[in-house]
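Colleague: I'm new to this one, so could you show it to me and then let me ask some questions?

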Amino acid sequence: MARRMKQGKCGDNLTWTLDNEGLLTISGEGEMKNYMDDASPFVDNTNIKKVEIAHGVTSIGDKAFLRCSALTSIEIPDSVTSIGNLAFDGCEALTSIT
């Protein structure tokens, strides 16, 4: 069965894709956008189970993954030098950060 993808932008030079198995991939070069309140494209998304951030991404924005309650793991490359306020607030299932 082919993977269905949802996609969008999360920074000036960053894109994201979410497949139907719950893998969210963020790729590109530079900073992720900072979000206010419920503005993140990922907020309250119970379909996101794993996040992989590609090398070249330099930051994770404020409130980026707010209340992603099904998120269990995230891979953050060493190119990320800052993580915004409340980036993982409400991610109660998050047990693995690499």
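Loop, core and sheet

Colleague: How far is the backbone nitrogen of Phe 42 from a polar atom of the Ser 40 side chain?
Modeller: Bear in mind that this is a predicted model, where local features need pLDDT of at least 70, side-chain atom pairs count only at pLDDT 80 or more, and totals for chains, interfaces and linings use all residues. Residues are numbered from 1 along each chain as its sequence is written, and side-chain values use heavy atoms, leaving out hydrogens and water. The side chain of Ser 40 has a polar atom whose distance from the backbone nitrogen of Phe 42 is 3.0 Å.

Colleague: Is Ser 40 buried or exposed?
Modeller: Ser 40 is in the loop between β4 and β5, where strands are DSSP runs of E, at least two residues each, numbered from the N terminus. Leaving aside neighbours within four places in sequence, Ser 40 is in contact (heavy atoms within 4.5 Å) with Tyr 35, Lys 63 and Ala 64. Buried means under 20% relative accessible area, exposed over 50% and partly exposed in between, using a 1.4 Å probe and protein chains only. Ser 40 has 5% relative accessibility, so the word is buried.

Colleague: Which side chain makes a polar contact with the side chain of Asp 38?
Modeller: Asp 38 sits in the loop between β4 (30-31) and β5 (50-53), and is partly exposed because its relative accessible area is 48%. Beyond four places in sequence, Asp 38 contacts Val 43, Leu 66 and Arg 67. A polar contact is a pair of N or O atoms within 3.5 Å; within protein, one must be able to donate a hydrogen and the other to accept it, and residues adjacent in sequence count only if both atoms are side-chain atoms. For the side chain of Asp 38, at 2.9 Å, the partner is Arg 67.

Colleague: What is the relative accessible area of Asn 45?
Modeller: Asn 45 is also found in the loop between β4 and β5. Asn 45 touches Leu 18, Arg 67 and Cys 68, not counting residues up to four places away in sequence. A polar atom of the Asn 45 side chain lies 3.5 Å from the backbone nitrogen of Ile 48. Asn 45 counts as buried because its relative accessible area is 17%.

Colleague: Which strand gives the most to the largest nonpolar core?
Modeller: A nonpolar core is a set of buried Ala, Val, Leu, Ile, Met, Phe, Trp, Tyr and Cys residues joined through side-chain atoms within 4.5 Å. Of the 23 residues in the largest one, Leu 24, Ile 26, Phe 42, Ile 60 and Phe 65 touch the most other members. At least two residues each come from β2 (14-19), β3 (23-28), β5 and β6 (57-60). With 3 residues, the strand that gives the most is β2.

Colleague: Which are the edge strands of the sheet formed by β4, β6 and β8?
Modeller: Strands pair if DSSP finds at least two bridges between them, and β4 and β6 run parallel with 2 bridges, Glu 31 being partnered with Ser 59 in β6. Between β6 and β8 (residues 82-83) there are 2 parallel bridges, and the partner of Ser 59 in β8 is Ser 82. The 3 strands form an open, parallel sheet in the order β4-β6-β8. The edge strands, each pairing on one side only, are β4 and β8.

Definitions and conventions. Helix = DSSP H or I, 4+ residues; strand = E, 2+ residues; numbered from the N terminus.
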